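User: Please take a close look at the salt bridges in the structure shown here, and set them in the context of the rest of the chain. Where charged side chains pair, I would like their location and burial described.

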Amino acid sequence: MEDSSSKPAKKKVVAVVGGGLVGALNACFFAKRGFDVEVFETREDIRTAKIVKGRSINLALSHRGRSALKHVGMEEKIVSQGIPMHARMIHSLTGKQSPIPYGKKGQYILSVDRANLNKELLSAAETYPNTKLNFDHKLQDWNAETGIMTFVRSDGTKANIEADLIVGCDGAFSAIRKQFLRRSRFNYSQTYIPHGYMELTMPPINGEFAMKPNYLHIWPRNKFMMIALPNLDKTFTCTLFMPFEEFEKITTGDEVITFFQTYFPDAIPLIGVDALKRDYFRLPAQAMVSVKCSPYHIGDKCVLMGDAAHAVVPFYGQGMNAGFEDCIVFDEVMNQFNEDLSAVLPEYTRVRVPDDHAIADLAMYNYVEMRAHVNSKWFLFRKHVDNILHLLMPKTIIPLYTMVTFTRTRYHEAVKRWQWQDKMINRSLLLCATGAAFGGSYLLIKNPPDISKLNINIEKLWNRFLAFGTS
């Protein structure tokens, strides 16, 4: 009789719901581990679609995202298709441009095209023989106990699929997450910020970039702002972030130009008067939502990743990077527990929830920094102080942006360390200021000025002031 233990174990089936950025990358991670992977996407295949629907805010790829891409052999290819941005370029009302570096020399983030990145990841997933991509499959229902899912195609036909693990990567309005909402002790919140966004295009001038390409350009105007990221076709994608009521005040093409003349005068000749009048009304301002939830799993059957677990507003440039890091963190936990899903899923929730909640809060904070704080002399002074201290004590003082963007320091630990550093630096600056004040007072007491000379100087100044007033 043949020993049953000698039979090869049946491969587990992983169903990835959502063929966006995180879903496609996850498919690569699971396929690389040897699972049978099926990806289900509501939309048609964007690689062959004539019109690609969905968001188009440019993406900023940084260390966390690159680490995940490197794990599946995609880093070099994606980096070669991006444009390095070494600093923020601040545009004042007068048109003056001032760079604020992101980090040390040689550190940069990459401007990458969302649609192109998604296409590359889908194609990479498809190279694995144990991966199947299913487009035009909309999730209708699923069962957390059995792992059976029902999908509906655009022609009305249905498909029932059974999986050992369901991975919900279907975005901020996740159909997978709806099942979580029916269960006890699932925490969920969503917050729409009062600001919307609108995209405009800045074309090339004589075949070249209209502005310096290796920067993330920002026009900070306190209540609102515009940013511009470079594209490979020499265009810039400009995104205007503003309260909805401000968008609604502008109803004619002439009002658009008046608004830009008031707040973004240097951008008008670069975008074009006719293009501004046309593109401003092409689509209404879009909303931005922040989603928090926990836990991220149900038993050993389902787990949420990416925006389905933690949609964030785009102001820290970490939405995609956090989603990609989800993939690598899950992979690390799989190694830790030898792919025992009953242990992996709860541990993933325990490890990941505090970090994703931390980056959601940081993204909200960074909007205030980008549209208002960068105009502050104190903010710029503190940036210089932080950078100098980081150069002198690179292991003790690390700027928050550096920890978030150029390392894999856990998000919530980066926040704790930043708060401690901020308190210590502010106290040190206060002590220095107090010391300087006491020192100055001591010198004045030790070497008092000649009062008679001081009176003469004051009298001279007063006489000059009176003469100026009567002239």
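Analyst: The account below starts with the whole chain, turns to the salt bridges, and ends with some other local features.

This is a predicted model, in which local features need pLDDT of at least 70 and side-chain atom pairs count only at pLDDT 80 or more, whereas totals for chains, interfaces and linings use all residues. Residues are numbered from 1 along each chain as its sequence is written, and side-chain values use heavy atoms, with hydrogens and water left out.

The secondary structure comprises 16 helices and 19 strands; these elements are DSSP runs numbered from the N terminus, helices being H or I with at least four residues and strands E with at least two. Of the 471 residues in the chain, 49% count as buried. Here buried means under 20% relative accessible area, exposed means over 50%, and partly exposed lies in between, with a 1.4 Å probe and protein chains only. The chain exposes about 23900 Å², and carbon and sulfur atoms supply 57% of that area; accessible areas come from the Shrake-Rupley method with a 1.4 Å probe, and for residues only the protein chains shown count as cover. Of the contacts between residues at least 6 apart in sequence, 70% join residues at least 24 apart, a contact being heavy atoms within 4.5 Å.

The structure holds 23 salt bridges, each defined as a side-chain nitrogen of Lys or Arg within 4 Å of a carboxyl oxygen of Asp or Glu. Three of the pairs are described in turn.

The pair Asp326 and Arg352 has its closest N and O atoms 2.6 Å apart. This salt bridge links distant parts of the chain, with Asp326 in helix H11 (residues 319–336) and Arg352 in helix H12, 26 residues apart. Both Asp326 and Arg352 are buried. Through shared partners, salt bridges join Arg64, Glu325, Asp326, Glu332, Arg352, Asp356 and Arg408 into one network.

Helix H12 spans residues 341–371 and also contains Thr349. Thr349 counts as buried because its relative accessibility is 10%. Leaving aside residues up to four places away in sequence, Thr349 touches Pro295, Tyr296, His297 and Pro354.

A second salt bridge joins the side chains of Asp254 and Lys277, at 3.4 Å from N to O. Here too the pair links distant parts of the chain: Asp254 lies in helix H7 (residues 253–263) and Lys277 in helix H9, 23 residues apart. Asp254, at 53% relative accessibility, therefore counts as exposed, whereas Lys277, at 33%, counts as partly exposed.

The third pair is formed by Lys249 and Glu246, whose side chains meet at 3.2 Å, N to O. Both residues belong to helix H6 (residues 244–249) and are 3 residues apart, about one turn of the helix. Lys249 counts as exposed because its relative accessibility is 55%, but Glu246, with a relative accessible area of 19%, is buried.

Helix H9 (273–279) is followed by a loop that runs to strand E17 (286–294) and holds Arg282. At 53% relative accessibility, Arg282 counts as exposed. Arg282 and Leu200 are 82 residues apart in sequence, yet their C-alpha atoms are 9.7 Å apart in space.

Elsewhere, an open sheet of 3 strands has the order E9-E10-E11 with antiparallel pairing; two strands pair if DSSP finds at least two bridges between them. Strand E9 (138–142) and strand E11 (158–162) are the edge strands, each pairing on one side only. E9 and E10 pair over 4 bridges in the antiparallel sense, and the partner of Lys138 in E10 is Val152. These two strands form a hairpin with 5 residues between them, and Gly147 in the turn has a positive phi of about 75 degrees. Strand E10 (residues 148–152) is joined to E11 by 5 bridges, again antiparallel; in E11, Asn160 is the bridge partner of Thr150.

Finally, the surface carries a nonpolar patch of about 300 Å² made by Ile388, Leu392 and Met393. Patches consist of residues with over 30% relative accessible area and no salt bridge, like charges being joined within 9 Å and nonpolar side chains (Val, Leu, Ile, Met, Phe, Trp, Tyr) within 5 Å. Within this patch, Leu392 belongs to helix H13 (residues 377–392), and at 65% relative accessibility Leu392 counts as exposed.
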